[in-house]
Amino acid sequence: MSANYLFFGIIAFYLIGAASAIILNKKDRLCSYASFLIAALAALLGIIFSILVIFGDTFSYELSSGSYLKFGFFVDKLSAFFILVISISVFAVSIYSTGYVREYFGKKNIGYLGFLYNIFIISMILVASADNAVMFLIVWELMSVVSYFLVVYEHEKPETRKAGFIYIVMTHIGTGFIMMSFLVFIGTSASFSFGTFAEAGKTMTPLLKDIAFIFALIGFGTKAGIVPMHIWLPYAHPEAPSNVSALMSGVMIKIAIFMLIRVFFDFLGASQAWWGYVVLTLGTISAILGILYAVVESDIKRMLAFSSIENIGIILIGIGASMIFFASGKPVLASIAAIAALYHLLNHSIFKGLLFMGAGSILYSTHTKNIEDLGGLIKKMPKSAILILIGVLSIAALPPFSGFISEWLTFQSLLLGFNLNETFPMIILFISAAVLALTGALAAFCFLKFFGIGFLALPRSQHAEHAKEANTPMLIGMGIFASLSILLGILPFYVLPVLARIAASFTGNLDSFTFASFATFLIPSSMISLSTPAILAIIIIFMLILSVILFLINGKKQPVYETWGCGQPVSTSRNEYTATAFSKPVQVWFKNLYRPARETEATYSTSPYLKESFKFESKIEQVIERYLYEPVVDFVITRSRKLLIIRTGSIHTYLGYIFGTLVILFMFVIAGGSS
Amino acid sequence: MIEYLLLTPIITGILCYFTRSRKQVETISILGSTITLILGLSLVLDVYRNGIIVTWQNALFADAFSAYIVLIVSIISFVSSVYSIGYMGYEIDHNVIDLKRLKMYFVLFHFFVFTMLLVGVTNNLGLWIAIEMTTLVSALLIIFYSNKASVEAAWKYVIISTVGITFALFGTILTYYAAVKILGETGDALNWTSLIAVAGQFDPMIMKLAFIFILIGYGTKAGLAPMHTWLPDAYSESPTPVGALLSGTLVNCAMYGIIRFYSIATKSTGPEFTSNLLIIFGLMSLGIAVPFIILQEDYKRLLAYSSVEHMGIIALGVGFGGVYGIFGAILHMFNHAMTKSLMFFSVGNVLLKHGTKEIDKVSGIVKTMPVTGAILLIGGLAITGSPPFGIFISEFTILSAGFLQGHIIASVLFLLFIIMIFAGFFYNLSKMTFGNPKPGVTPGEVSRWTLASMMILVVFVIILGVYIPQDFIEMIHKVVKVVM
Amino acid sequence: MAEIVFGSNTMQLLIALILVSTFMILGSTRLYSCVRAFGIQSFLLACVAGTVAYSTGKDEIYIIAILTLLFKSILIPYFLIYIIREIKVKREIDLYVKISPSLIIGGVLVVISYYLIRSINVISELSSFALSASMSLVSIGLFIMISRKKAIMQMLGILIMENGLFLGAISLTYGMPLLVELGIFFDVLIAVLIMGILIFRINKTFESVDTSILKNLIG
Amino acid sequence: MIPALMSAILQIIIILALSPLLSGITKKAKAFFQIRKGPSIFQPYYDIAKLLRKDSVVSQNVSWIFHAAPIISFAAVMTAGLLIPIYITSLPLGFAGDLIAVVYLFALARFFTALASLDAGSSFGGMGGSREMFVAAMVEPALMLSIFAVALNVGSTNLSYISQTLSGMGLDALSPYQILAFVALFIIAIAETGRIPVDNPSTHLELTMIHEAMILEYSGKQLAIVELGAMTKQLLVFSLIANIFFPWGIASAGAGIAALAFALVVYILKIVIIGLTMAAVETSTAKWRLFRLPDLLSISLMFSFLALVSFIIVKGG
């Protein structure tokens with residue numbers, strides 16, 4: 001009963017937030033505080049609610065049951081986990097937003113932003129808790145549409161409009177596939193309620209199951225940003241306001257993962273092993289392609305968007321492995337893999353949110369997203385720098401930060417594939433492990449570039465020169481996430497049991513891990529154990545000892561001098577290594593993928609030996625967009641142009657059409673009227 | 001009851017003719033349409049309480065389906081008369097038209113409403129007369145501005161729809177013949193009820209022939225491809241409120257005729273024949289709408305083609321058949337009427353402000369006219385069938401009917417087409433609504449009247465997207481019973 | 001009974017004559033003669049109605065016959081000629097399809113419609129002649145609208161189709177109930193009036209009634 | 001508790017003591033192969049001692065990262081050292097992490113060194129950092145595959161467990177896939193420890209260096225720490241190879257003093273041999289161009305993949 005009040009309390013709070021945003025939209029500051037802080041409050045309620053459900057029993061509530069449109073809510077452990085993820089992110093992001101939107105004061109309509117922001121969150125929560133197909137599709141599309149309006153919030157910029165258009169069309173196509181997948185179930189169950197889908201999934205013929213699987217994979221994959229349906233993501237996420245991109249990248253694309261798990265495990269029973277292979281392969285491809293494009297990207301928000309594709313890939317690797325294990329009757333391993341996926345999902349939602357907020361604060365204080373114009377920010381905005389560094393270390397999966405745990409778990413669950421005793425799946429799993437390793441290394445490369453070029457050394461432009469520290473609410477918001485990603489790194493033994501409960505709700509196995517002293521957790525039957533607290537402790541001890549030693553041997557004197565440049569003074573930012581140069585090796589390594597196009601242009605003064613200026617431009621090609629989507633679009637456009645000729649404008653032709661139709665229909669009748 | 005309903009618009013029209021000032025004509029027209037609305041609603045209630053009403057030795061007749069049409073017509077005509085005051089007022093203020101033409105406009109407007117109400121409540125053979133009358137009256141409305149374009153449009157409209165209608169008459173005669181063979185030379189051979197009762201015994205060959213003629217005839221009026229050619233011209237050249245009436249209600253009246261005969265013909269020819277025809281025509285209309293929506297340069301034509309698309313969807317729904325299919329189609333009629341009129345109203349405001357129908361010459365509406373811009377976006381999403389708006393519900397119902405009845409390929413094509421249409425439509429719409437406004441466009445809405453009428457429709461569009469009242473559902477189920 | 005009535009030679013003759021008049025319209029190059037031919041056609045139609053009325057002894061069909069006589073064979077032709085005079089249009093009708101081909105096409109259409117009615121074999125041999133005649137009238141009317149450029153000719157085409165329908169109605173069922181017939185007549189009349197108005201408008205705005213120049217609305 | 005602590009400290013001391021010696025020996029061996037006299041094998045000790053006594057000159061552009069990096073990297077490496085069995089399989093802190101954790105600890109060390117390389121704003125540093133991370137990225141997949149190959153053999157990535165089991169197996173451990181994996185891991189070791197043909201530790205031409213370019217800005221005692229860290233990492237990588245592929249003679253838990261001493265001697269022999277082999281390889285090959293390195297590492301990738309497949313064919317499937 002209390003759950004009811006709580007759930008509708010959450011919704012109500014967000015609605016109040018939205019309403020207050022509209023009411024107060026004349027007074028910018030007040031409006032921002034009202035809408036976002038109320039949202040934060042609602043998020044707290046959401047956290048409580050989801051924890052209640054995770055440790056308590058399933059929450060379900062039927063609304064307006066008489067009507068043709070049924071609205072019902074169904075929150076089991078899985079959806080509760082996602083509501084938890086949503087709420088955590090929303091809490092931090094909302095606090096951050098109160099500071100971030102100050103940039104828009106006077107320029108844009110804050111009420112509009114706050115309103116959409118709250119509605120967006122509501123729609124996500126409803127998606128996670130919808131219990132029938134029609135309602136799901138409604139709230140799902142509501143989520144897409146609202147996020148579209150958030151993306152085009154700065155619609156004066158043409159590229160923003162383009163991004164928004166690509167986004168909404170892609171997501172609409174995705175929704176179309178979701179519809180078809182649902183309709184396959186409906187065709188069997190003759191009911192819209194998700195409850196009946198599970199039975200339908202049991203009784204369906206294998207062919208129908210496969211169709212439903214493929215449609216669902218494409219449909220939700222589009223939202224999740226799985227390669228090759230990912231193309232909207234690097235457009236939409238950078239253009240949205242940073243707090244929104246934090247939510248979109250951190251949470252919204254995870255909702256698609258939630259539905260994938262729902263459909264594959266709960267509805268379809270994950271019965272086919274090859275589904276697992278497909279998911280695993282797609283995940284692997286997404287991971288590697290995502291990070292490869294992220295490495296060479298110099299727009300920080302685009303880079304983060306690509307890295308979201310990568311992380312979705314890693315999550316899918318876990319899910320795919322889990323499906324494989326489940327289909328081949330190894331629930332224990334299935335739950336371990338699932339836990340790895342869920343853990344990474346949680347981590348990613350946090351450190352990616354953190355990094356997007358960080359990008360936001362960089363944008364806020366330097367007004368540029370181009371990493372080549374940054375530099376030296378660690379001195380201008382030290383606090384943000386530390387917080388962002390934490391995010392970078394987590395996403396680079398370095399111990400003892402949060403990303404490390406989930407990637408370690410993913411590796412282990414892939415390694416555990418040797419229990420399958422079948423050649424093919426083992427090889428698939430191990431190959432994807434190798435690719436995952438490459439991905440991890442490239443991620444480290446990518447974010448080293450991000451932090452090193454962006455924050456260290458000297459400012460590369462006026463933007464960076466005059467950067468100032470982000471304001472307090474932004475720092476608080478990022479701080480929450482930073483501390484969370486440390487905690488998730490060093491306290492896995494608190495998180496894992498919870499995730500085990502959730503994974504058990506669809507893999508049906510609870511005892512995946514055993515726990516030992518020194519905050520260690522082991523994977524039974526294979527001696528493997530990990531204890532990040534211990535590692536952290538040792539590292540810290542060593543650092544202390546070392547710094548003490550260094551201090552003892554005359555640590556005071558430290559002559560300061562210019563940077564070494566073969567005798568030449570290099571204290572100007574022009575001599576610094578650029579981001580492009582930094583990622584050049586990778587670009588050369590994978591030039592077949594990038595197909596880089598470079599333009600150099602030199603102007604000479606007097607003698608051909610003295611260059612006056614030198615312009616270097618290098619861009620890379622989005623292979624999938626270029627060779628998969630553009631042809632389709634061109635095809636449609638050209639075909640349409642051809643079709644336009646039927647509109648001659650002459651009334652005689654039109655009468656001719658009618659005559660022709662009449663004749664054809666007569667033939668039809670004489671033929672007997674059976675097409 | 002029915003008589004009063006029919007008389008009100010006529011009297012209003014005549015009164016409008018004898019008014020002296022703008023105030024008077026506006027008040028009278030508002031009063032008239034309000035009374036029409038009230039009478040219409042009361043008729044609807046009456047029918048749903050006490051069943052079929054028949055008067056005037058069976059000439060006038062109202063069952064659930066007629067009442068449904070009356071409902072749509074009276075609602076749309078009411079809001080559109082409210083809108084007309086704002087729209088025409090603006091044109092008078094800017095000396096586009098003078099008082100005489102304004103009076104003429106309202107006279108014709110109410111006559112037009114009368115003819116469409118007549119379509120709803122007349123009995124079998126009268127239907128043809130009524131629909132022909134709608135053509136003639138609306139033709140006069142289309143040449144309202146009597147410039148080159150409007151004259152051309154009107155001529156095409158009259159000629160093409162009259163030809164179509166002539167075919168429809170032939171179909172009607174054939175049906176009558178089939179009926180006479182069973183019933184003998186009695187007036188009963190004209191009644192929907194008696195026709196339905198004995199439809200099973202009709203000669204299937206004749207009925208096939210009749211249905212073909214009916215489909216082409218009323219299909220021309222409904223704008224099913226490839227007989228839709230008059231539609232974009234007429235919509236884009238007529239005054240915007242009239243465009244709303246044409247697209248919101250007139251096409252529905254024509255569909256009404258098709259569906260009436262569908263239910264008779266199906267009984268004798270068996271479902272396969274009629275369903276196939278309807279599915280083919282539906283898909284063709286959808287498919288032809290796609291390129292014209294993607295590459296459209298004129299936003300009123302854009303709406304016109306989207307009407308073609310939606311007529312196709314209704315035809316598909318009926319063609320898919322089954323309770324879901326018919327239900328979806330009937331529901332879609334209502335949703336489409338509401339949403340499309342809403343769209344027409346908002347682009348009407350845009351037209352008044354920008355004075356051009358070219359999409360590329362319009363941008364940044366959300367900044368110059370926030371409310372209109374917002375409504376334009378809502379309407380655009382609604383008309384392209386994205387949740388949470390009414391049309392999504394009906395389209396999804398039709399889609400699931402397709403899957404349940406096993407028309408998988410047709411359904412998939414349907415989905416493909418509406419996705420492409422969504423892309424094209426939204427591409428054009430976002431060009432208009434977003435971005436920086438064009439220079440020389442004065443900010444601010446057109447008038448309170450226009451906003452009021454739009455607000456009424458927005459309520460319908462959104463409410464029906466998330467919640468359909470139980471009574472309304474029962475109403476539609478009654479209609480479905482009539483059809484099946 | 002239909003067989004008896006339409007079997008009678010007079011009826012056969014009348015219908016044949018109607019077809020002939022149609023071909024006169026097809027064949028003539030001058031507006032006046034077209035209109036005149038149409039008048040004759042309508043007159044023959046009235047005769048058909050009269051015969052039916054006589055042989056079936058239904059009084060209301062007499063009314064229909066008279067109405068046809070009044071409206072279709074007198075009033076409307078007069079109105080058309082009035083229009084032609086008013087707008088001082090060039091007498092020749094300019095066409096997309098030359099005369100002789102259109103005559104051939106007309107013949108083909110007659111054959112097709114006859115074959116069609118046969119193949120559908122709704123009714124027995126004899127009166128199916130009338131029905132096919134009406135079919136061919138309808139199709140020829142449509143063909144005239146397609147192949148002639150003058151607005152007036154399109155109007156005429158519609159009227160011919162109307163006549164075809166009338167013939168069909170009569171031959172199938174001895175006409176509809178009076179009320180309906182009256183409504184139809186009323187509609188036809190209004191339609192003719194409005195088309196007339198439109199033709200005047202076209203003439204005013206385009207300085208011509210050639211519909212082949214109405215091609216500005218595309219897209 | 002106390003004995004565990006004692007053995008941990010002992011291990012640290014051994015590592016710290018041996019790593020300069022190892023690099024000294026390798027240098028000496030290289031000199032010998034190149035018919036030079038070469039420095040004494042204790043030279044690294046002198047260098048470090050000297051450096052520790054010198055002030056460190058710091059660039060004016062640097063931030064705290066520059067100062068923190070050496071410490072963090074060194075700490076990370078040492079932590080890894082506590083997870084790797086040196087001469088005894090029972091590790092006091094073995095529970096804290098497995099082979100994968102070790103790899104990631106090295107990654108942590110590398111990350112901060114590279115970060116520091118960008119801090120001074122010199123183009124050499126950036127170049128070095130970029131190349132270092134590039135090589136690491138290329139190494140990673142092969143490394144993971146060979147780890148899997150090894151882990152499959154015993155069904156775990158727990159290092160002490162691996163070496164224990166393998167040493168228990170005796171000569172059977174020398175299975176074909178084990179050898180393939182060894183070759184793969186040896187190539188990786190070359191890359192990891194920055195040796196010819198991947199990197200030239202003793203070059204002084206900025207454009208050709210990788211690791212040296214990274215630490216170009218360091219001087220004095222910071223440099224000392226960095227160098228010591230590098231040596232330690234080298235030692236650790238070697239001992240990984242030693243104890244994974246040739247675990248014989250390693251003492252198991254609860255062995256007596258004598259056994260321990262013996263094990264220690266064996267261990268030193270093993271790493272010296274590996275060091276000599278490394279020196280031989282270094283002298284016998286020329287440094288490769290940077291963009292030819294992918295070929296080298298894909299060779300190693302192939303080897304480890306073959307190791308895996310052959311294992312699956314033999315044992316699994």
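What follows is a walk through a predicted model with chains A, B, C and D, going from chain contacts to single residues.

We can start with who touches whom. Four pairs of chains touch, and the pair with the most contacts is A and D. Here 72 residues of chain D meet 73 residues of chain A. On the chain D side, the elements that each bring in at least two residues are β1 (58–59), α3 (64–83), α4 (99–119), α5 (123–154), α9 (220–245) and α11 (293–314). Of these, α5(D) gives the most, with 18 residues. Sorted by class, this face of chain D holds 46 nonpolar, 19 polar and seven charged residues.

The A–C pair can be described in a similar way. In that pair, 10 residues of chain A are in contact with 14 residues of chain C. The chain A side breaks down into five nonpolar residues, four polar ones and one charged one. Some pairs don't meet at all. Chains B and D make no contact, and their nearest C-alpha atoms sit 41 Å apart. Chains C and D don't touch either, with 56 Å between their closest C-alpha atoms.

Chain A itself is split into domain 1 (1–131), domain 2 (133–269), domain 3 (270–548), domain 4 (588–621) and domain 5 (628–671). Measuring between C-alpha centres, domain 1 of chain A and domain 4 of chain A are 50 Å apart.

Next comes the nonpolar interior. The largest nonpolar core counts 676 residues, and the members that touch the most others are Met124(A), Ile339(A), Leu342(A), Ala433(A), Leu442(A), Ile152(C) and Phe148(D). Helix α17 of chain A (residues 423–455) puts in the largest share of this core, 22 residues. Phe148(D) is a handy example to look at up close. Setting aside neighbours within four places in sequence, Phe148(D) contacts Leu415(A), Phe430(A) and Ala433(A), plus Leu308(D) from its own chain.

Another residue of chain D worth a look is Ala181(D), which sits in helix α7 (residues 176–192) of that chain. With 28 other C-beta atoms within 10 Å, Ala181(D) counts as buried. Beyond residues up to four places away in sequence, Ala181(D) touches Ser146(D), Ala149(D), Val150(D), Ser304(D) and Ala307(D). Gln34(D), by contrast, is 147 residues from Ala181(D) in sequence and 30 Å from it in space, C-alpha to C-alpha.

That leaves chain B. It has 19 helices and two strands. Along the principal axes, the C-alpha atoms of chain B fill a box of roughly 70 × 55 × 45 Å. A compact globule of 484 residues would have a radius of gyration near 23 Å, and the 21 Å of chain B agrees with that. Buried residues account for 71% of the 484 in this chain. Contacts in chain B often span long stretches of sequence: among those between residues at least 6 apart, 81% join residues at least 24 apart.

One helix of chain B deserves its own note. Helix α13(B) covers residues 322–354, 33 residues in total, and runs 46 Å from its first C-alpha to its last, close to the 48 Å expected at 1.5 Å a residue. Of its 33 residues, 31 are buried, so α13(B) is largely enclosed by the rest of the structure. Just past the end of α13(B), Gly355(B) adopts a positive phi of about 70°.

Conventions:
Residues are numbered from 1 along each chain as its sequence is written. Chains are lettered from A and ligands numbered from 1 in the order in which they are written. This is a predicted model: local features need pLDDT of at least 70, side-chain atom pairs count only at pLDDT 80 or more; totals for chains, interfaces and linings use all residues. Helices (H or I, at least four residues) and strands (E, at least two) are DSSP runs, numbered from the N terminus. The expected span of a helix is 1.5 Å times one less than its number of residues. A residue is buried if 20 or more other C-beta atoms lie within 10 Å of its own, exposed if 12 or fewer, and partly exposed in between; C-beta atoms are placed from the backbone. Domain bounds come from an automatic or database domain assignment. The radius of gyration is taken over C-alpha atoms; the globule rule is 2.2 Å times the number of residues to the power 0.38. Two residues are in contact if their C-beta atoms, placed from the backbone, lie within 7 Å. A nonpolar core is a set of buried Ala, Val, Leu, Ile, Met, Phe, Trp, Tyr and Cys residues joined through C-beta atoms within 7 Å. Ala, Val, Leu, Ile, Met, Phe, Trp, Tyr, Cys and Pro count as nonpolar, Asp, Glu, Lys and Arg as charged, and the others, Gly among them, as polar.
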